[in-house]
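Some words used for protein structures, such as buried, cavity and pocket, rest on a fixed rule. The questions below ask how each word is earned.

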Amino acid sequence: MEFNTKIALPEAFKADCVAVGVFAEGALTASARRIDSITRGAVRSAVASGDMTGARGTSLLLRQLPGVASSRVLLVGLGTPGEFGDRAYAEAVRTAIKGAGPGSGSLAVAASEWQVKGRDPRWHASMFVVSAREVPFRADELKTKKDEAATRVARVQLLLDKRDAAVEKGLAEGRAIANGVDLAKRLGNLPANVCTPEYLAQQARKLQRDWGIGVQVLARGQIEALKMGAFLSVAKGSDQPPRLIVAKYQGAGRGRFADPIALVGKGITFDSGGISIKPAAEMDEMKFDMCGAASVLGTLRAAAELKLKVNVVGVIPTCENMPSGRANKPGDIVTSMSGQTIEVLNTDAEGRLILCDALTYVQRFKPSAVVDIATLTGAIIVSLGSIHSGLFSPSDELAAELMEAARQAADRAWRMPVDDDYQEQLKSNFADMANIGMRGNAGSIVAACFLARFTKGLRWAHLDVAGTAFRGGSAKGATGRPVPLLTHFLLARAGA
């Protein structure tokens with residue numbers, strides 16, 4: 001889908017379809033009023049008849065209106081003006097793309113009038129692209145018969161009153177973010193027999209070929225040499241060999257790779273729970289347990305496309321968590337790369353075991369900030385549902401940066417506590433710590449506290465995306481979150 005801008009009036013620009021907005025209870029935007037005037041009341045007639053209410057998510061397609069250059073006019077419901085916020089804007093954009101009709105290859109949108117209070121033109125343009133690109137995405141890569149496209153729109157023109165460099169910048173940002181989101185969604189949706197640890201490594205190497213990102217893939221022997229005992233203890237139950245993927249985007253200059261932002265992504269390509277096996281119902285969704293890793297790759301792609309002047313290192317520990325004669329057993333004690341010992345009370349709390357070694361490993365790069373991203377706990381879903389990602393950080397400054405990035409991206413997060421008081425739950429009689437706390441007692445917080453033990457001296461934050469990285473049920477599929485949040489974090493760090 002191609003996005004451009006054009007200085008033109010909605011009635012004069014010729015496209016297969018032109019979209020204008022209508023607010024609830026019939027209030028027309030300026031462009032809708034212009035078309036109504038030229039067509040001698042066609043828009044108001046549609047409102048008066050009840051065919052167009054202006055409610056959010058509604059649309060009405062009018063054809064062959066006299067005096068309008070485009071053969072179709074799409075009325076898009078914007079809802080109540082006072083409630084037209086981020087979500088309403090994104091919904092209006094998606095409604096416009098969907099409502100243009102199967103015969104529309106090109107769409108012109110008078111969206112400059114769809115103004116969200118407190119948002120600038122750059123934000124509107126970026127969010128337009130990200131929202132529009134959600135519509136044509138399909139998860140039919142492995143189907144012999146592809147899903148019929150809901151839209152055939154290939155070209156979208158944003159109609160403007162005058163040239164605006166901020167809009168062009170926003171479009172470029174939106175394209176890059178959408179491309180990163182699509183990559184993360186595609187990888188998340190692939191089944192575990194396709195998207196193995198080695199497959200993730202191949203996708204990282206593809207980023208190297210396409211975008212010049214430096215990639216190193218460490219195999220089992222190299223991981224053993226690093227003494228990543230916690231990581232390897234999870235991997236040993238599977239026939240799929242583990243991989244440690246290290247990807248470097250160097251945008252801050254050709255000199256030494258200095259002061260990078262580190263993104264650490266959980267890459268469990270399938271999580272059976274191990275010996276502490278999960279219930280069979282919905283276990284198929286555990287292919288999504290590598291969405292943290294996918295978001296790191298998607299964010300690196302976006303950063304490279306935008307040529308951000310910042311250094312980023314992505315570290316992805318990836319393996320399967322399977323039951324076998326070799327697998328971790330409850331009560332086993334493993335030694336992490338940091339030298340700390342861990343009593344594995346539950347083999348289904350495996351994500352923190354692979355992440356703790358990755359967090360130790362990343363310290364060699366002397367990062368200016370570390371953010372780990374993981375579908376870590378079901379407890380975060382109990383706390384926040386599928387709306388907000390859980391944000392944990394002992395650093396108020398870093399937490400504030402990430403919360404602002406979440407606000408800019410409309411990729412919502414909620415800061416959770418990570419107080420030392422919760423560390424009491426991780427006490428073990430036999431090792432330096434246990435890998436879980438008391439059942440049903442602040443599970444997501446205790447998991448974050450576990451990771452905090454491996455981040456001493458780092459400016460670190462943890463994103464628990466178990467509720468936001470994918471959807472279940474009839475809408476099953478990866479969402480690509482938090483690629484938008486992470487990309488806006490890097491944009492701000494790069495001063496872009």
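Q: Why is C291 called buried in this predicted model?
A: Buried means under 20% relative accessible area, and C291 has 4% relative accessibility, so C291 counts as buried.

Q: What makes C319 count as buried or exposed?
A: The cut-off for buried is under 20% relative accessible area, and because C319 has 0% relative accessibility, C319 counts as buried.

Q: How do you know that C291 has no disulfide bond to C195?
A: A disulfide needs a pair of cysteine sulfur atoms within 2.5 Å, whereas the sulfur of C291 is 9.2 Å from the closest cysteine sulfur, which belongs to C195, and this is too far for a bond.

Q: Why is C319 not bonded to C356?
A: The closest cysteine sulfur to that of C319 is in C356, at 12 Å, and therefore too far for a bond, given that the rule asks for sulfur atoms within 2.5 Å.

Q: How many disulfides are there by this rule?
A: With the limit set at 2.5 Å, the count comes to zero disulfides.

Q: What makes an empty space a cavity, and how many of 30 Å³ or more are there?
A: A cavity is a set of points where a 1.4 Å probe fits but cannot get out, and by this rule there is one cavity of 30 Å³ or more. The largest cavity has a volume of about 40 Å³, and its lining consists of S126, M127, V130, I177, A409, P484 and H488. Two or more of these lining residues come from each of α4 and α14 (483–493), and α4 gives the most, with three residues.

Q: How do the residues lining the largest cavity divide by class?
A: The lining of the largest cavity has five nonpolar and two polar residues, and no charged residues.

Q: What makes the largest pocket a pocket, and what lines it?
A: A pocket is an open set of points, unlike a cavity, from which the probe cannot get out. The largest pocket holds about 1300 Å³ of space and is lined by 48 residues, with R94, E134, R471, T479 and R481 nearest its centre. The largest share of this lining, seven residues, comes from α3, and by class the lining has 19 nonpolar, 10 polar and 19 charged residues.

Q: Which residues lie nearest the centre of the second largest pocket?
A: They are K278, D348, T377, G378 and A379, out of a lining of 41 residues, and the space in this second largest pocket is about 1100 Å³.

Conventions
Residues are numbered from 1 along each chain as its sequence is written. This is a predicted model: local features need pLDDT of at least 70, side-chain atom pairs count only at pLDDT 80 or more; totals for chains, interfaces and linings use all residues. Side-chain values use heavy atoms; hydrogens and water are left out. On a 1 Å grid over the protein atoms alone, a cavity is a set of points where a 1.4 Å probe fits but cannot get out, and a pocket is an open set with protein on both sides within 12 Å along at least five of seven lines; lining residues have an atom within 4 Å of a point. Grid points are joined across faces, edges and corners, and a volume is the space filled by probe spheres set on the points. Helices (H or I, at least four residues) and strands (E, at least two) are DSSP runs, numbered from the N terminus. Ala, Val, Leu, Ile, Met, Phe, Trp, Tyr, Cys and Pro count as nonpolar, Asp, Glu, Lys and Arg as charged, and the others, Gly among them, as polar. Buried means under 20% relative accessible area, exposed over 50%, partly exposed in between (1.4 Å probe, protein chains only).
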